[in-house]
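Open the structure in your viewer and keep the selection panel at hand. The stops below are given in the order to select them.

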Amino acid sequence: MTATVAGIHLGLDTHANRPAANTVPDGSLYSCSTHNLLYKSNYAGNSWATWGNIAAGAAGTVYVSNGTVPSWGYTPLHGARAYNNANLSRNSGDFGTMLTFNTNRYDSDSIHSTSSNTDRLTIPTGMGGLWRVGASVEFASNATGIRYLYILCNGVAIVSDVRGAVNGDVTRLSCSTEWEPTAGQYFQALAVQTSGGALNILSSTSYSPEFWASLAGA
């Protein structure tokens, strides 16, 4: 019976110093500085197969794997940004109605749905970690009361922007933070006004209402 041994990484050396494949554990990796290649050993066949290219990549690239062969490339974006292309009316003092978003600017991993739970950015399976999240809104002109913008994670506020209404112009609010949700948890955005009557959150190109989140690190 032949024992199966997990491979090891033998480090960086010249091609001339590469050992025989049947003298190292099967599946071992050898970084060849002569050819800028990464070789993988086949113990039974006493052979080395090219497994990847370790030549320097372009500026700003990193060495990543597609699940089969590693190569130089850019770290994939995991995130979403959504907006609403229509005005949203809010009654004065309504702290219970979350913002909804009917269009995605981008969505890498089905983080936001435009058909169900449209108020949520949901953390996908396997992507719990540090996330950057932000929102921005623009209230119609009204000089009375206070304007609030909150970001929540699973119903708990984690950051806010609160300011008095602008006299004679729209009132804009924006806030962002970093948070560590687990997979399945979700972010929401809540915008509130206390003008004494109904007031619109205006649909404003690239600004209002907008909601975004991206994975910063596992």
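Which residues touch the most other members of the largest nonpolar core? Select Leu99, Val137, Leu149, Ile151, Phe187 and Phe211, which do so in a core of 29 residues. A nonpolar core is a set of buried Ala, Val, Leu, Ile, Met, Phe, Trp, Tyr and Cys residues joined through side-chain atoms within 4.5 Å; buried means under 20% relative accessible area with a 1.4 Å probe, protein chains only.

This is a predicted model, in which local features need pLDDT of at least 70, side-chain atom pairs count only at pLDDT 80 or more, and totals for chains, interfaces and linings use all residues. Residues are numbered from 1 along each chain as its sequence is written, and side-chain values use heavy atoms, without hydrogens and water.

Next, colour the strands (DSSP runs of E, at least two residues, numbered from the N terminus). β11 (130–139) gives the most to this core, five residues. Other elements giving two or more include β7 (79–83), β14 (171–179) and β17 (210–217).

Now centre on Ile151. Leaving aside neighbours within four places in sequence, its contacts (heavy atoms within 4.5 Å) include Val133, Val159, Cys175, Phe187 and Phe211.

For a separate, second core of seven residues, select Ala21, Val24, Cys32 and Leu37, which are among its members.

Then show the open sheet of four strands, in the order β10-β15-β12-β13, with antiparallel pairing. Strands count as paired if DSSP finds at least two bridges between them. At the edges are β10 (121–122) and β13 (156–164). Two bridges join β10 to β15 (186–193), and Leu121 has Phe187 as its bridge partner.

Last, colour by pLDDT, the predictor's confidence in each residue, from 0 to 100. The protein chain averages 88, but residues 1–5 are below 50.

Methods
Buried < 20%, exposed > 50% of the residue type's maximum accessible area, 1.4 Å probe, protein only.
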